[in-house]
Amino acid sequence: NKIFDEMPQSTNSICKGQNANVQPPKGYYLDPVEDEQAIGQKFKFLQSRLQACTDDPHWEIALPGEESANFLDFVGTHLLAMDLDRLREAFGAEKMSCYG
């Protein structure tokens, strides 16, 4: 697929433009009772990073005509689940997972 061939294989430098006013909280493991403010800060940071990623022109896909789309709208866990469900239906299976 031409779109995927043109995308860089490494995205380490993408999505670093998050809001400078939202800093990541200190520490990785947070106690829900003792660290309520830090957890809120972490969610704000992640939302800011997600928005920066979504807004990054790197993920723009040219569509036929003058339209464009964001690649990130077409990938994700929820889409994998839907695809697996369609595959499961096609096979006539009652259950299916990523492993078969």
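Buried means under 20% relative accessible area, exposed means over 50%, and partly exposed lies in between (1.4 Å probe, protein chains only). The structure is a predicted model, in which local features need pLDDT of at least 70, side-chain atom pairs count only at pLDDT 80 or more, and totals for chains, interfaces and linings use all residues. Residues are numbered from 1 along each chain as its sequence is written, and side-chain values use heavy atoms, with hydrogens and water left out.

**Exercise 1. State how many helices and strands the protein has, and in what order the elements run.**

Solution.
- Step 1. Helices (H or I, at least four residues) and strands (E, at least two) are DSSP runs, numbered from the N terminus.
- Step 2. On that basis the protein has three helices and two strands.
- Step 3. Starting at the N terminus, the order is α-α-β-β-α.
- Step 4. Of the 100 residues in the protein, 18% are buried.

**Exercise 2. Compare the span of α2 with its expected span, then find where its buried residues lie.**

Solution.
- Step 1. The expected span of a helix is 1.5 Å times one less than its number of residues.
- Step 2. For the 20 residues of α2 this should give 28 Å, and the end C-alpha atoms are 29 Å apart, which agrees.
- Step 3. Ala-38, Phe-45, Ser-48, Ala-52 and Cys-53 are the buried residues of α2.
- Step 4. Viewed down the axis of α2, these buried residues fall within an arc of 135°, so they line one face of the helix. The arc is taken from the directions that lead from the helix axis to the C-beta atoms.
- Step 5. On the other side of α2, the residues Glu-36, Phe-43, Lys-44 and Asp-55 are exposed.

**Exercise 3. Describe α3 by its span, its buried residues and the residue just after it.**

Solution.
- Step 1. α3 has 15 residues, and from first C-alpha to last it reaches 21 Å, close to the 21 Å expected at 1.5 Å a residue.
- Step 2. Its buried residues are Leu-79, Leu-84 and Arg-88.
- Step 3. Gly-92, just after α3, takes a positive phi of about 75°.

**Exercise 4. Find the salt bridges and say how many there are.**

Solution.
- Step 1. A salt bridge is a side-chain nitrogen of Lys or Arg within 4 Å of a carboxyl oxygen of Asp or Glu. Side chains of opposite charge can pair when their charged atoms come close.
- Step 2. The count comes to three salt bridges.
- Step 3. One joins Asp-83 to Arg-86, with the closest N and O atoms 3.4 Å apart. Both residues lie in helix α3 (residues 77-91), three residues apart, about one turn of the helix. Asp-83 is partly exposed, at 43% relative accessibility.
- Step 4. Another joins Asp-85 to Arg-88, at 2.8 Å from N to O. This pair too is in helix α3, three residues apart, about one turn of the helix. An α-helix has 3.6 residues a turn, so residues three or four places apart point the same way.
- Step 5. Glu-89 and Arg-88 also meet in a salt bridge, at 3.8 Å from N to O.
- Step 6. Asp-85, Arg-88 and Glu-89 are thus linked in a network of salt bridges.

**Exercise 5. Classify the three residues of that network as buried, partly exposed or exposed, and list what Arg-88 touches.**

Solution.
- Step 1. Asp-85 is partly exposed, with 35% relative accessibility.
- Step 2. Glu-89 is exposed, at 52%.
- Step 3. Arg-88 has a relative accessible area of 19%, so Arg-88 counts as buried.
- Step 4. Contact means heavy atoms within 4.5 Å. Leaving aside residues up to four places away in sequence, Arg-88 touches Ala-93, Glu-94, Lys-95 and Met-96.

**Exercise 6. Identify the aromatic pair and say which parts of the chain it ties together.**

Solution.
- Step 1. Rings of Phe, Tyr and Trp (its six-membered ring) pair if their centres lie within 6.5 Å; planes under 30 degrees apart count as stacked, over 60 as edge-to-face and the rest as tilted.
- Step 2. The count is one aromatic pair.
- Step 3. The ring centres of Trp-59 and Phe-71 are 5.7 Å apart and the planes are at 15°, so the pair is stacked.
- Step 4. Trp-59 is in the loop between α2 (36-55) and β1 (60-62), and Phe-71 is in the loop between β2 (68-70) and α3, so the pair ties together parts that are 12 residues apart in sequence.
- Step 5. Trp-59 and Phe-71 are both buried.
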